[in-house]
Amino acid sequence: ANYSCQDAITCDPDENCYIECGGDFSCNTLTIECPHNHHCDISCTGNYACGGLIINAVDSLSLYIHGCDTNGACTHNDIYCPPNIDNVLKMCSLRETGSYSN
């Protein structure tokens with residue numbers, strides 16, 4: 001399912017979740033509950049689009065956050081990642097070309 005950003009998003013429990021934060025401040029300070037046993041993908045392409053997020057993906061298969069290349073797009077977040085598999089395969093990925101801080 002695709003979601004437009006609100007105060008909080010709880011992804012559908014039985015499918016992968018894709019969240020697009022494309023406008024300036026579009027998902028700023030949002031709380032996201034990723035699905036259990038499915039993938040969670042968050043795109044942050046606007047200025048401050050994903051600043052101050054709280055993301056719970058502990059029970060997800062994977063978490064992929066990308067974009068983060070605009071001013072303040074992915075700063076000051078609390079991110080709870082799914083565990084690595086056998087301490088080798090990383091299930092949480094943050095991809096950016098700009099600045100990222102948490």
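Strands here are DSSP runs of E with at least two residues, and helices are runs of H or I with at least four, both numbered from the N terminus. The model is a predicted one, where local features need pLDDT of at least 70, side-chain atom pairs count only at pLDDT 80 or more, and totals for chains, interfaces and linings use all residues. Residues are numbered from 1 along each chain as its sequence is written, and side-chain values use heavy atoms, with hydrogens and water left out.

**Exercise 1. Work out how many helices and strands the chain has, and what share of its residues is buried.**

Step 1: count the elements. You should get 0 helices and 11 strands.

Step 2: for burial, take under 20% relative accessible area as buried, over 50% as exposed, and anything in between as partly exposed (1.4 Å probe, protein chains only). With that, 36% of the 102 residues come out buried.

Step 3: check the chain's surface with Shrake-Rupley areas, again with a 1.4 Å probe; for residues, only the protein chains shown count as cover. About 5600 Å² is exposed, and carbon and sulfur atoms supply 48% of that.

**Exercise 2. Find which residues have the most contacts inside the largest nonpolar core.**

Step 1: build the core as a set of buried Ala, Val, Leu, Ile, Met, Phe, Trp, Tyr and Cys residues joined through side-chain atoms within 4.5 Å.

Step 2: pick the largest set. It has 23 residues, and the best-connected are Ile19, Ile32, Ile42, Cys50, Ile55, Leu63 and Ile65. Strands β3 (17–21), β5 (39–44) and β7 each chip in at least two core residues.

Step 3: zoom in on Leu63, using contact in the sense of heavy atoms within 4.5 Å. Skipping residues up to four places away in sequence, Leu63 touches, among others, Cys34, Ile42, Ile55, Ile79 and Met91.

Step 4: put this in context. In soluble globular proteins, nonpolar side chains tend to be buried together.

**Exercise 3. Describe where Leu61 lies, and compare its burial class with those of Ser60 and Pro82.**

Step 1: locate Leu61. Leu61 is in the loop between β6 and β7, and so is Ser60, with β6 at 54–56 and β7 at 62–67.

Step 2: read off accessibility. Leu61 is partly exposed because its relative accessibility is 38%, whereas Ser60 is buried at 7%.

Step 3: look for partners. Beyond four places in sequence, Leu61 touches Asn37, His38, His39, Pro82 and Met91. Ser60's contacts, with the same exclusion, include Cys34, Pro35 and Pro82. A polar side-chain atom of Ser60 also sits 2.6 Å from the backbone oxygen of Pro35.

Step 4: turn to Pro82, in the loop between β9 and β10 (92–94). Pro82 counts as buried because its relative accessible area is 4%. Its C-alpha is 5.6 Å from that of Ala57, 25 residues away along the chain.

**Exercise 4. Identify which residues other than glycine have a positive phi, taking Tyr48 and Cys68 as your cases, and say whether each is buried or partly exposed.**

Step 1: check the angles. Phi is near 55° for Tyr48 and about 55° for Cys68.

Step 2: place them. Tyr48 falls in the loop between β5 and β6; Cys68 falls in the loop between β7 and β8 (74–75).

Step 3: classify them. Tyr48 is partly exposed at 31% relative accessibility, while Cys68 is buried at 1%.

Note on methods. A polar contact is a pair of N or O atoms within 3.5 Å; within protein, one must be able to donate a hydrogen and the other to accept it, and residues adjacent in sequence count only if both atoms are side-chain atoms.
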